[in-house]
Amino acid sequence: MSQAAAQRLEEFLGRVPYVRFLGMRAELAGDEMTAILPFAPHLIGNVMLPALHGGVIGAFMEMTALAQLSVIAPSAKVHKTIDITIEYLRPGKAMTMYARADVRKVGRQVANVHVEAWQEARDKPAAALRGHFLLSGT
Amino acid sequence: MVETVPQASALGFKLISVEPQRGSILSPWREELVGDPDTGVIAGGVITALLDHVCGLAVTSRSLEGGFLSTATLDLRIDYMRPAAARADVTASAHCYKLTRNIAFVRAHAFDADPEDPIATAQAAFILKRAAP
């Protein structure tokens, strides 16, 4: 299972051009995935602070949810986002960001996913996302 | 704010218009921004970044009137109505319809061809940062 999961994750990350644009990667420990967004200058939204762009943080968490879904709800097609709510808790510093997705429910058509992103400490989240995703058939 | 922000320029954002309360930005289609390689449709994440950015632009357009120095997103809710057309540019327009002393409220929508047929809509709240008294 875990080797197949790793393969599905690699496939998803390698297949989606926008994942490469962000420079995002992910690691699996069993079925628990940690997404990693190494800092890069093109991710900055505020040059003065400097801080990561809020949209980048949102996009990173959205792609984290989709990557986690690619592992636990495999499909030949990319699942589609229905809605997301992003809460910004702390400015994203000019350093690596991490995120983990918690798939709360996988239904017949829709999955509900919560994501939390952090930088220096897991208990000091930088942002959170809740979303619904339309599952593509296998 | 559109061409000078590194992420906005990396995504190739182009300012269409800005006036008090309102802003509009174009995000040109590019191969590397695709989210679904089967269809060539631009990634949801790009729409997220675009809507966040255009909301910030609409808020900033009221900085003189509101007397604040800068702003940061508190929350952003996005509903995706449909995928963009394949290889289509996406335009987003935002309206900052309410400013209080501390908070700005914004609505935005993104579309490819017809503003009346949106790809996504957004609702956001921003915190306003003032100079220390």
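Chain A has a secondary structure of three helices and eight strands, and I should say at once that we are looking at a predicted model. Read along the sequence, the elements of chain A follow the pattern α-α-β-β-β-β-α-β-β-β-β. For its 138 residues, a compact globule would have a radius of gyration near 14 Å, and chain A agrees with that, since its value is 14 Å. The C-alpha trace of chain A spans about 45 × 25 × 25 Å along its principal axes.

Turning to chain B, its secondary structure also comes to three helices and eight strands, but from the N terminus on the elements run α-β-β-β-β-α-α-β-β-β-β. The radius of gyration of chain B is 15 Å, close to the 14 Å that the globule rule gives for 133 residues, so chain B is as compact as a globular protein of that length. Along the principal axes, the C-alpha atoms of chain B fill a box of roughly 55 × 30 × 25 Å.

Let me go on to the sheet. Strands of a sheet pair through backbone hydrogen bonds, either parallel or antiparallel. In this model, twelve strands form an open sheet with antiparallel pairing, and the order, which takes in strands of both chains, is S1(A)-S2(A)-S6(A)-S7(A)-S8(A)-S5(A)-S5(B)-S8(B)-S7(B)-S6(B)-S2(B)-S1(B). At the edges stand strand S1 of chain A, residues 25–29, and strand S1 of chain B, residues 14–19, each of which has a single partner strand, so one side of each is left without a neighbour in the sheet. On average, and with direction ignored, neighbouring strands of this sheet are turned by 20° against each other.

If we start from the edge in chain A, S1(A) is joined to strand S2 of the same chain, residues 32–37, by five bridges, and the two strands run antiparallel. Within that pair, Ala26(A) has Ala35(A) in S2(A) as its bridge partner. Helix H1(A) packs on the sheet here, touching S1 and S2 of chain A, and the direction of H1(A) makes about 170° with that of S1(A).

What do the two chains do where the sheet passes from S5(A) to S5(B)? Strand S5 of chain A, residues 80–88, and strand S5 of chain B, residues 70–80, pair in the antiparallel sense over five bridges. Among the partners, Ile84(A) is bridged to Ile78(B), and Glu87(A) is bridged to Asp75(B). On the chain B side the sheet continues, with S5(B) and strand S8 of chain B, residues 120–129, pairing in the antiparallel sense over ten bridges; in that pair, Ala72(B) has Ile127(B) as its bridge partner.

The contact between the chains, taken as a whole, uses 30 residues from chain B and 31 residues from chain A. On the side of chain B that touches chain A, helix H1 (6–10), strand S3 (34–36), H2 and S5 each supply at least two residues, and the largest share, nine residues, comes from S5(B). By class, that side of chain B has 15 nonpolar, seven polar and eight charged residues.

The helices also meet across the chains, and for this we need two quantities: two packed helices are described by the angle between their axes and the distance between the axes. The axes of helix H3 of chain A, residues 54–72, and helix H2 of chain B, residues 44–60, come within 8 Å and cross at roughly 150°, which makes H3(A) roughly antiparallel to H2(B). The crossing in which H3(A) passes H2(B) is right-handed. From H3(A), the residues that meet H2(B) include Gly54(A), Gly55(A), Gly58(A) and Ala59(A), and those they face in H2(B) include Gly44(B), Gly45(B), Thr48(B) and His53(B). The residues of this contact divide into five nonpolar, seven polar and two charged.

For comparison within one chain, helix H1 of chain A, residues 2–15, packs with H3(A) at an angle of about 140°, their axes 8 Å apart, and H1(A) and H3(A) are therefore oblique to each other. Their crossing is right-handed. Here Ala5(A), Arg8(A), Leu9(A), Phe12(A) and Leu13(A) in H1(A) meet Ala67(A), Ser70(A) and Val71(A) in H3(A), and by class this contact has six nonpolar, one polar and one charged residues.

Note on methods:
Residues are numbered from 1 along each chain as its sequence is written. Chains are lettered from A and ligands numbered from 1 in the order in which they are written. This is a predicted model: local features need pLDDT of at least 70, side-chain atom pairs count only at pLDDT 80 or more; totals for chains, interfaces and linings use all residues. Axes are lines fitted to C-alpha atoms, for helices over the stretch in contact, and angles run from 0 to 180 degrees between N-to-C directions. Helices (H or I, at least four residues) and strands (E, at least two) are DSSP runs, numbered from the N terminus. Angles under 35 degrees count as roughly parallel, over 145 as roughly antiparallel, 65 to 115 as roughly perpendicular and the rest as oblique. A crossing is left-handed if the near helix is turned anticlockwise from the far one by less than a right angle, and right-handed if clockwise. Two residues are in contact if their C-beta atoms, placed from the backbone, lie within 7 Å. Ala, Val, Leu, Ile, Met, Phe, Trp, Tyr, Cys and Pro count as nonpolar, Asp, Glu, Lys and Arg as charged, and the others, Gly among them, as polar. Two strands pair if DSSP finds at least two bridges between them. The radius of gyration is taken over C-alpha atoms; the globule rule is 2.2 Å times the number of residues to the power 0.38.
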